[in-house]
Amino acid sequence: MSKRAQYSSAELQAVAEALPPKFCEWLRNEVFANRRYMFIHRIGRGKYQGYCSCGAADIQLEKVKAGQYTKCPVCGKTVRLRSENHPYIQDTDYVAYVQKTPWGYLSRLAYADFETSFSNNQVKERFRINEKQWDVLDWDGKERQYHFSFTYPYRDKPNLIRGRAPKAYGFYNSVYLEERSIWTYPHNLKALFKDDAKYKYSQIDLAAKHFWLNPIEYLLAYRSAPQLELLIKMGLYRLGHEYYLAKRGWYTYEGKFGVKLHAKNLYELCGLKDKQDIVYCIKHNFDKEEIEAYLKLKEEGAKIMPSLVQFSVAALHVRSRQGFRNNTLSIQNLYRYYLTQKKQYPIAINFLGDYGDYLRWCVDLRRDLRDTKNTKPKDFKYAHDMTLREIEEQQRIAQAKADKRRRAEQRKLEKKKKEILQNLAPHYSELLDFSVKGMCIVVPTSPEEIRKEGELQGHCVGTYVDRVANGSSVIVFLRQSEAKDVPYYTIELDPLNDFKLVQCRGRHNCGYGDEVAKFLQQWQSAIQERLIKVKKIA
């Protein structure tokens, strides 16, 4: 085959082969293996008749509801119950099919829609393959991308266009199709690469069977890191998946807590050196964290079992969040204790989360964690709940004391403000007292008067009490002489600037008219004259 750096979309479409007959069988048995449904029809009170996607009918069910999972007595597979009132379901996944072209390897990325419908007491299934993007890996190792564009109004005639495909929308955000988790059809890969010296040892067929991958990106990762072949051949598929993701650029799988991309052997990669350890980790398909947990447990002399290793990993994750620094038990002893509480905590991570909280509360309550009665109570759920109540009661008492102190401080502060206003009122009255044409100035003598003025007038003068108390503001009331107790206008003055007017507001912050403006002008003139006399005397 001749090397070609450029080729047209028409040439690429011309060499595209039909999907193999076993492709849909692969979709049904592997990609959508866990998405089977049984539709239920109500035939009586608490009694239902089920119709399974395997073709079985007249399955008798009692006390069930849509959404539950059950096992079909005919096919033996786990199915999800679905009401006959919702007879159509569509599941979507992302798949890839690889073939060879005259110019390189073609990876065809597509949406696979698995449609399940119920009608006439029959469950029908069908697949729709909607190809979205083609990636080509040239013989010289260059990657080229094409995507399908549906030209309006001929939406049934897609055009293949050079360039990356538009982003596909997900649940929370949008990503490119090749960045999704992709199922790759594995059954033609071994024959496809057997004569290619670059990729025939890549083990991509085994990798595609055990984890999601983008075939073109996997081949590129293998070319730069042949260690992938070692991991997949050995059967460390989960570790191989992490290594592939790290090479792909997922930083969470690389670095201090991830795989070492430049490791030359298995020992440098994950610390496995002893043959017995390697065999054990391969047998249970451990990932990086589980291998590290296994090696640590072995150093501690623990009796190794897969469940203990998984518990150790879960403890490490929860410890980082819940603060297990108060834990006095070894992982092995903590696991043994968990087994005694497993009936109440079927999921280990839930137990670990509650146990971390419980230890923190014990420290707050000053309990002795060297006593096994505290670290390993017989009924942990009961001890956890009772300790939580004790902590809540302690917090309630502490909050009540804090509220009491705060109220006492507020009363003390309020008393001080009242004394300040009472002392200032005579001096302000002497300087600011003024009346003319049925209007007069009233100086408040307490914080309550200012707050009441704000409530009655519908504005925020009540919040100015602190300013008045610290001497940065002066609040007085403009009243009508015939009704001195009825709010009319509220005035703010600046005592640091010769008691000049800052603002004058009426009800609901309304402005004032010409009559009030004339009064304010006369009043301000009188204040300035009084201040001049005071300064001369001083």
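**Exercise 1.** Work out which strands each supply at least two residues of the lining of the second largest cavity.

*Solution.* Start with the strands: E6 (88-101), E7 (104-119) and E8 (122-138) each supply at least two lining residues. Strands here are DSSP runs of E with at least two residues, helices are runs of H or I with at least four, and numbering goes from the N terminus. One caveat before going on: this is a predicted model, where local features need pLDDT of at least 70 and side-chain atom pairs count only at pLDDT 80 or more, while totals for chains, interfaces and linings use all residues. Residues are numbered from 1 along each chain as its sequence is written, and side-chain values use heavy atoms, with hydrogens and water left out.

Next, the lining itself: Leu19, Phe23, Val95, Ala96, Tyr97, Arg108, Ala110, Ile129 and Glu131. A cavity is a set of points on a 1 Å grid over the protein atoms alone where a 1.4 Å probe fits but cannot get out, and lining residues have an atom within 4 Å of a point. E6 has the largest share, with three residues.

Now sort by type: seven are nonpolar, none polar and two charged. Nonpolar covers Ala, Val, Leu, Ile, Met, Phe, Trp, Tyr, Cys and Pro; charged covers Asp, Glu, Lys and Arg; the others, Gly among them, are polar. Last, the volume is about 50 Å³, taken as the space filled by probe spheres set on the points, with grid points joined across faces, edges and corners.

**Exercise 2.** Find what lines the largest cavity, and say which element gives the most to its lining.

*Solution.* First, the search: the whole structure holds two cavities of 30 Å³ or more. The largest has about 70 Å³ of space. Around it sit Leu421, Leu424, Ala425, Tyr428, Val443, Pro444, Ile450, Val468, Val474 and Ile475. Two elements give two or more residues to this lining, helix H15 (380-432) and strand E16 (474-480). H15 gives the most, with four. By type, the lining comes out as 10 nonpolar, no polar and no charged.

**Exercise 3.** For the Arg35 salt bridge, identify the partner and where each residue lies.

*Solution.* Count a salt bridge when a side-chain nitrogen of Lys or Arg is within 4 Å of a carboxyl oxygen of Asp or Glu. The partner is Asp93, with the closest N and O atoms 2.6 Å apart. Arg35 is in the loop between helix H2 (22-31) and strand E1 (37-44), and Asp93 is in strand E6, 58 residues apart. For accessibility, call a residue buried under 20% relative accessible area, exposed over 50%, and partly exposed in between (1.4 Å probe, protein chains only). Arg35 is partly exposed at 23%, and Asp93 is buried at 8%. The full tally is 23 salt bridges.

**Exercise 4.** Place Glu115 and Arg128 in their strands, then name the network they belong to.

*Solution.* Their side chains meet in a salt bridge, 2.6 Å from N to O. Glu115 lies in E7 and Arg128 in E8, so the pair ties together parts 13 residues apart in sequence. Glu115 is buried at 6%, while Arg128 is partly exposed at 34%. Now widen the view: Asp113, Glu115, Arg126 and Arg128 are linked in a network of salt bridges.

**Exercise 5.** Is Asp287 buried or exposed, and which residue does Asp287 form a salt bridge with?

*Solution.* Asp287 is buried, at 10% relative accessibility. Its partner is Arg238, with the closest N and O atoms 3.1 Å apart. Asp287 sits in the loop between helix H9 (275-283) and helix H10 (288-299), and Arg238 in helix H7 (residues 237-248), 49 residues apart. Arg238 is partly exposed, at 35%.

Terms used
1 Å grid on protein atoms, 1.4 Å probe; cavity = no way out; pocket = protein on both sides within 12 Å on 5 of 7 lines; lining within 4 Å.
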